[in-house]
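Hello,

Here is the structure I promised to pass on to you. Please have it open while you read, and my notes on what turned up follow right below.

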Amino acid sequence: MTIINFTPVPALIGGALIGLSAAFLLLAKGRVAGISGIAGGIIYPESRDDIGWRVVFILGLILGGFLYQWSGLGAGVQHIVAVADKSVLIIAGLLVGIGTQVGTGCTSGHGICGLARRSPRSLVATFCFMGSAIVTVYVVRHLMGGAA
């Protein structure tokens, strides 16, 4: 197996920034940085005052990727290309959305923030989505012969 795009320093910096942003949001707003919950709060806001910080947080996620690209730090990193049909990507996105509703949270909410708070529910959720990911990659790569 060949490791492609091994970039430990940018990965470490990115992980630290994710941790800092999650800690800042918890300290500043008392909120967990679960992206599905933050995005859902834009669509179904609790109050008018609750939308602004959510929009800024989501824009920061989007702009952060562009800033990384424009900074030249990711110059040697290959671009990610989706190799699936658009219909498969749409179905996958819908399944992820359903999963975040059923699991009452997403990978960022449970895997980063919930585990940091030692939440048993988040530990179970993290085992579930990581286990599902492992099984999915195995099935797609080894049983179906795809390139997931």
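A residue counts as exposed when its relative accessible area is over 50%, and as buried when that value is under 20%. R118 has a relative accessibility of 75%, so R118 counts as exposed. Please keep in mind that this is a predicted model, and that the values below are computed from it.

First, the overall picture. The protein chain holds six helices and zero strands, and the order of its elements from the N terminus is α-α-α-α-α-α. The chain has 148 residues, of which 15% count as buried. If you look at contacts between residues at least 6 apart in sequence, 35% of them join residues at least 24 apart.

Now back to R118 and its backbone. Most residues other than glycine have a negative phi. R118 is not a glycine, yet its phi is positive, about 60°. You will find R118 just after helix 5, in the loop that leads from helix 5 to helix 6. T104 is another non-glycine residue with a positive phi, here about 45°. T104 sits in the loop between helix 4 (86–102) and helix 5. With these two residues as markers, helix 5 is easy to find in the viewer.

Which residues of helix 5 are buried? Helix 5 spans residues 107–116, and its buried residues are S108, G109, H110, C113 and G114. The cover over them includes helix 1 (8–29), helix 2 (35–43) and helix 6.

Helix 6 deserves a closer look as a partner of helix 5. Two packed helices are described by the angle between their axes and the distance between the axes. For helix 5 and helix 6, the angle is about 130° and the axes lie 9 Å apart. Angles over 145 degrees would count as roughly antiparallel and those from 65 to 115 as roughly perpendicular, so helix 5 is oblique to helix 6. Their crossing is left-handed. On the helix 5 side, T107, G109, H110, G111, G114 and L115 take part, and they meet R121, S122, L123, A125, T126 and F129 of helix 6. By type, the residues of this contact split into four nonpolar, seven polar and one charged.

One residue of that contact is worth clicking on: S122, which belongs to helix 6 (residues 120–143). Is S122 buried or exposed? Its relative accessible area is 2%, so S122 is buried. Apart from neighbours within four places in sequence, S122 is in contact with G109, H110, G114 and L115. G109, H110 and G114 are also among the buried residues of helix 5.

A second pair of helices makes a useful companion to this one. Helix 2 and helix 3 (residues 52–71) pack with their axes 9 Å apart, at an angle of about 130°. These two helices are therefore oblique to each other, and they cross in a left-handed way. In this contact, I35, G37, I38, A39, G41 and I42 of helix 2 meet W53, R54, V55, F57, I58 and L61 of helix 3. The residues here divide into nine nonpolar, two polar and one charged.

Finally, a word on the cysteines. How many disulfides does a search of the whole structure find? The search finds zero. C113, for one, is in no disulfide, and the nearest cysteine sulfur, that of C106, is 8.4 Å away. A disulfide would need the two sulfur atoms within 2.5 Å. C113 has a relative accessible area of 9%, so C113 is buried. C128, whose relative accessible area is 48%, is partly exposed.

If you would like a route through the model, start at R118 in the loop between helix 5 and helix 6, then move to S122 in helix 6, and end with the pairing of helix 2 and helix 3.

Happy exploring, and best wishes

Key
Residues numbered from 1 in each chain as written. Predicted model: local features only at pLDDT ≥ 70, side-chain atom pairs only at ≥ 80, totals over all residues. Heavy atoms only, no water. Helix = DSSP H or I, 4+ residues; strand = E, 2+ residues; numbered from the N terminus. Buried < 20%, exposed > 50% of the residue type's maximum accessible area, 1.4 Å probe, protein only. Contact = heavy atoms within 4.5 Å. Axes fitted to C-alpha atoms, helices over the stretch in contact; angles between N-to-C directions. Parallel < 35°, antiparallel > 145°, perpendicular 65-115°, else oblique. Left-handed = near helix turned anticlockwise from the far one by under 90°. Nonpolar A, V, L, I, M, F, W, Y, C, P; charged D, E, K, R; others polar.
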